[in-house]
Amino acid sequence: MLTRYDLKYRLTLRIAVVSALCFAAISAYVLFDIDRSAHLRNERIAEITARTLQLQQSKMHWVNSPQAGFPDLDAVAAAAIGPGVCIAYRGLDGAIVQRICGGAEAQTNDPPRAFTLLYRQLFDPGREAARPVVFRDGKTGDAVVWTDAGAMTAEAWRELGRLLPVLGTALVLLCVLAYTALARALRPTRLIRAGLERIAANDLSARLPPFDLAELSAIRDAFNQLAEGLETALAQRSELTRRLIALEDDERRHLARELHDEFGQSLAAIRALAASIRHSAAQDCPALVGECDSIARAAADMMDMLRGTLVRLRPPDVDQLGLAASLEGLVAGWNRRQQGPTRFEIELSGGIDQVSDMIAINLYRIAQEALTNAAKHAGATRVRLQLARHDRPGDGSAAIALTVEDDGPASETVGTSGMGLLGMRERVATLGGKMSFAAGQNGGAQLSVVIPLPAVPAPSFEQTQPAAACAA
């Protein structure tokens, strides 16, 4: 599973890594500078020692003093020697003639073994600095200076021990300040995320405010242009869908009138003609009575089918009796036609009929399509239609909720798009509502549609005062 880190945490971590590398480089430079300074000090002491020994030889030559007291390193040691520093005179045969070493400082904490091994491997702290001692253009020996490796390592560890707490404190403060600065700089990303979530929830009115950073301002401009373009496109699409649905309803009404006026009259004429022929055949040709009855029955069946088609094309109850009665008639019609194990139920609550004609006809069409899908594809024994209106007295807004639930077997194709479902989605989108599919509580599927209703403004004092006066 991919682990997702907060952007501030990730950037702060990278700053901490880079800072730690910089501090490590600083520590390495400090160790290098300690070693270089110690080596330069040893070379300077070696140079002083060599000149002092040359002066001693010159003095003994001019005063004809024997060389029994040569070399005398005490004078140099008193002025230049330090803790752990050794001064020596080495003859031409390589033997140390005289050596003086300064005592090492007392250490409370010995350097770690790993640091000792690493430091000695990198810097070779015990290396010597040598200068030749020359008298009368001839080399008589070497002045040699070196620092004890243990003392040098201890000094490096002591200096590093002073530096590390400072660097550690600086690293912690830097991380805290960087995280705080990043949190402040990236605070607009919360607004961007909230705007994207609103866009994902189909709230295309979301807009981002101006930002100080140029990069975030560019994102803000692109976001606002995209949201505005999507809002315009959705408005145009909704208007086009509304017109198409209105045109479809008009076409259905026209087709229903044509079928009722033309095809219905033709079927009525066929039934009347069949009855007339039967009356004549009963007297002149009794053998044709059966065929006449068959023609009359076929015409009656076609008339029943025509009535069902006319109801599906243009339900008259929505305009005449209201939404509640038309839905009850729709459910009763399905119960009559099914005549099988599937039973259709309906439950209405609230002021169902107090909606506009456009919302009423669209809700009827959605319920009609949902019941048709449940009857044909659900394989259910019970289909329940619920329609309820929910009013919120606080702001005067309201919504109407339609639910169609069946107890059929669970299906992986619940909510897949077909032409009927696409038509329902278009109608819901035109009304500014929301439609969703989910598994039913007792198996099967559940269709939920929520349509917002226009807010009804509360009567003001000026509107109620005349009515009260009239009542008085």
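**Buried residues and salt bridges**

User: Why does aspartate 142 count as buried?

Analyst: Aspartate 142 has 13% relative accessibility, and buried means under 20% relative accessible area, with exposed over 50% and partly exposed in between (1.4 Å probe, protein chains only). Its 13% is under 20%, so aspartate 142 is buried. This is a predicted model, where local features need pLDDT of at least 70 and side-chain atom pairs count only at pLDDT 80 or more, while totals for chains, interfaces and linings use all residues. Residues are numbered from 1 along each chain as its sequence is written, and side-chain values use heavy atoms, leaving out hydrogens and water.

User: What makes lysine 139 partly exposed?

Analyst: Its relative accessible area is 44%. That value lies between the two cut-offs, so lysine 139 is partly exposed.

User: How do you know that aspartate 142 forms a salt bridge with lysine 139?

Analyst: A salt bridge is a side-chain nitrogen of Lys or Arg within 4 Å of a carboxyl oxygen of Asp or Glu. Here the closest N and O atoms are 3.0 Å apart, so the pair qualifies. Both residues also belong to a network of salt bridges that includes Arg90 and Glu128.

User: Why is the pair of arginine 389 and aspartate 391 called a salt bridge?

Analyst: Their closest N and O atoms are 2.9 Å apart, which is within the limit, so the name fits. Arginine 389 is itself buried, because its relative accessible area is 16%.

User: How many salt bridges does this rule give?

Analyst: The count comes to 16.
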